[in-house]
Amino acid sequence: MSTAVDIVIPVYNEEASLAASVRRLHTFLSEGFPYSWHITIADNASVDTTFDVARLLTNELPAVGAVHLDRKGRGLALRETWSSSDALVVAYMDVDLSTDLAALAPLVAPLLADEADVGIGSRLARGARVTRGFKREFISRAYNLLLKRYSGARFSDAQCGFKAVRRDAAALLVPMIEDNAWFFDTELLLLAEHFGLRIHEVPVHWVDDPDSRVDIARTALEDLRGLRRMKRRFAATTADARSMSATAGASGTH
């Protein structure tokens with residue numbers, strides 16, 4: 001029987017925090033999570049002892065696995081691990097566990113019940129509680145507002161590191177995603193909406209990690225480039241569809 005949920009934790013140079021975070025997650029899941037589960041640590045080409053720590057954890061804790069990738073990129077880690085998983089639902093969360101783990105069951109339950117295809121934690125939905133500095137809060141809200149106005153997206157929070165996807169939906173979406181870094185999340189959601197998949201949002205309690213490795217300015221710039229690329233991609237797809245429809249209509253008149 002397939003595992004219900006495979007939870008991926010992408011990491012890069014996290015030797016100091018990895019063990020405590022995985023043990024905390026493992027304890028939480030072991031003490032009453034209502035579905036079968038597996039934890040996969042995805043090491044993104046770390047140059048410290050992160051992967052050594054990961055291997056020790058796989059020997060110490062049941063239902064924990066680890067993979068090492070030779071290239072960096074959160075999106076790449078998710079692409080590789082999700083594509084090779086046989087779980088019914090593939091998920092991921094950030095290693096700092098900024099999102100309250102109590103949101104995990106509500107995140108995956110509708111997917112396992114075939115009531116949704118993609119689940120996302122949202123720091124901006126009604127009912128969410130967020131603790132973080134003004135700069136990060138402003139950038140997050142500005143990016144998601146821009147995303148809505150620029151692409152018409154209906155989901156509220158593209159970049160929260162707390163997501164889940166049904167395996168069949170992942171098989172459709174992941175091969176079409178071009179980005180292997182931080183924009184992977186947004187691209188996944190834009191494609192899901194484009195193809196009419198069901199997106200389920202869960203308001204989360206989220207506490208900012210003061211030791212976050214994310215370069216906000218560079219990530220924002222890459223995201224803006226990604227949004228332009230996706231807008232061109234969807235416009236070209238629409239134009240091709242219209243062309244094909246017009247050709248078919250003209251052929252039908254003869």
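A63 is partly exposed, because its relative accessibility is 30%. This value, like every other here, comes from a predicted model. A63 sits in the loop between helix 2 and strand 3, which spans residues 64–69. Its backbone stands out: the phi of A63 is near 65 degrees, a positive value in a residue other than glycine.

L97 makes a useful companion. L97 also has a positive phi, about 50 degrees, although it is not a glycine. Its loop runs between strand 4 and helix 4. Is L97 buried or exposed? L97 counts as buried because its relative accessible area is 5%, under the 20% that sets the limit for buried residues.

From that loop, step back into strand 4. Five of its five residues are buried, so the strand is described as mostly covered. The side chains point two ways. V89, A91 and M93 face one way from strand 4. V90 and Y92 face the other way. All of them are buried.

Strand 4 also has partners. Strand 1 runs parallel to strand 4, and four bridges join the two. Within this pairing, A91 of strand 4 is the bridge partner of I7. Strand 7 pairs with strand 4 in the antiparallel sense, over five bridges. There, F162 in strand 7 stands opposite M93.

M93 leads on to the interior. In soluble globular proteins, nonpolar side chains tend to be buried together. Here the largest nonpolar core has 38 residues. Which residues have the most contacts inside it? They are L18, M93 and L104. Several elements each supply at least two residues of this core. Among the helices are helix 1 (18–30), helix 2 (50–60) and helix 4 (104–112). Among the strands are strand 1 (5–11), strand 2 (37–44), strand 4 (89–93) and strand 7 (162–166). Helix 1 gives the largest share, five residues.

L18 shows how such a core is joined up. Leaving aside residues up to four places away in sequence, L18 touches V11, I41, T50, V53, A54, L57 and V95. Apart from this core lies another, of 33 residues. Its members include V90, I120, A170 and F234. V90 is thus a familiar name: V90 and Y92 point one way from strand 4, while M93 points the other way.

Not every nonpolar residue is hidden. L146, Y150 and L224 form a nonpolar patch on the surface. Together they have about 210 Å² of accessible area. L146 belongs to helix 5, residues 134–151. L146 counts as partly exposed because its relative accessibility is 34%.

Helix 7, residues 184–194, is mostly covered. Ten of its eleven residues are buried. The buried residues include F184, L188 and A192, but also D185, T186, E187 and E193. T186, in helix 7, is buried because its relative accessibility is 0%. What does T186 touch? Not counting residues up to four places away in sequence, T186 touches Y143, L147, A158, Q159 and L227. After helix 7 comes G196, with a positive phi near 75 degrees.

Charged pairs complete the tour. The structure holds 15 salt bridges. One of them joins R23 and E60, whose closest N and O atoms are 2.9 Å apart. R23 lies in helix 1 and E60 in helix 2, so this pair ties together parts that are 37 residues apart in sequence. R23 is partly exposed, with a relative accessible area of 38%. E60 is partly exposed as well, at 41%.

E187 of helix 7 takes part in another salt bridge. The side chains of R229 and E187 meet at 2.8 Å, N to O. This pair links distant parts of the chain, 42 residues apart: R229 is in helix 8 (residues 216–252) and E187 is in helix 7. Are these two residues buried or exposed? Both R229 and E187 are buried.

Some salt bridges share partners. Such bridges join D114, D117, R166, D168 and R198 into one network. Within it, R166 and D168 form a salt bridge, with the closest N and O atoms 3.2 Å apart. R166 is buried, with a relative accessible area of 17%. D168 is partly exposed, with a relative accessible area of 48%.

Technical notes
Residues numbered from 1 in each chain as written. Predicted model: local features only at pLDDT ≥ 70, side-chain atom pairs only at ≥ 80, totals over all residues. Heavy atoms only, no water. Core = buried A, V, L, I, M, F, W, Y, C linked by side-chain atoms within 4.5 Å. Buried < 20%, exposed > 50% of the residue type's maximum accessible area, 1.4 Å probe, protein only. Contact = heavy atoms within 4.5 Å. Patch = residues over 30% accessible without salt bridge, like charges linked within 9 Å, V, L, I, M, F, W, Y side chains within 5 Å. Areas by Shrake-Rupley, 256 points an atom, 1.4 Å probe, with all protein chains shown as cover. Salt bridge = Lys/Arg side-chain N within 4 Å of Asp/Glu carboxyl O. Pairing = 2+ DSSP bridges.
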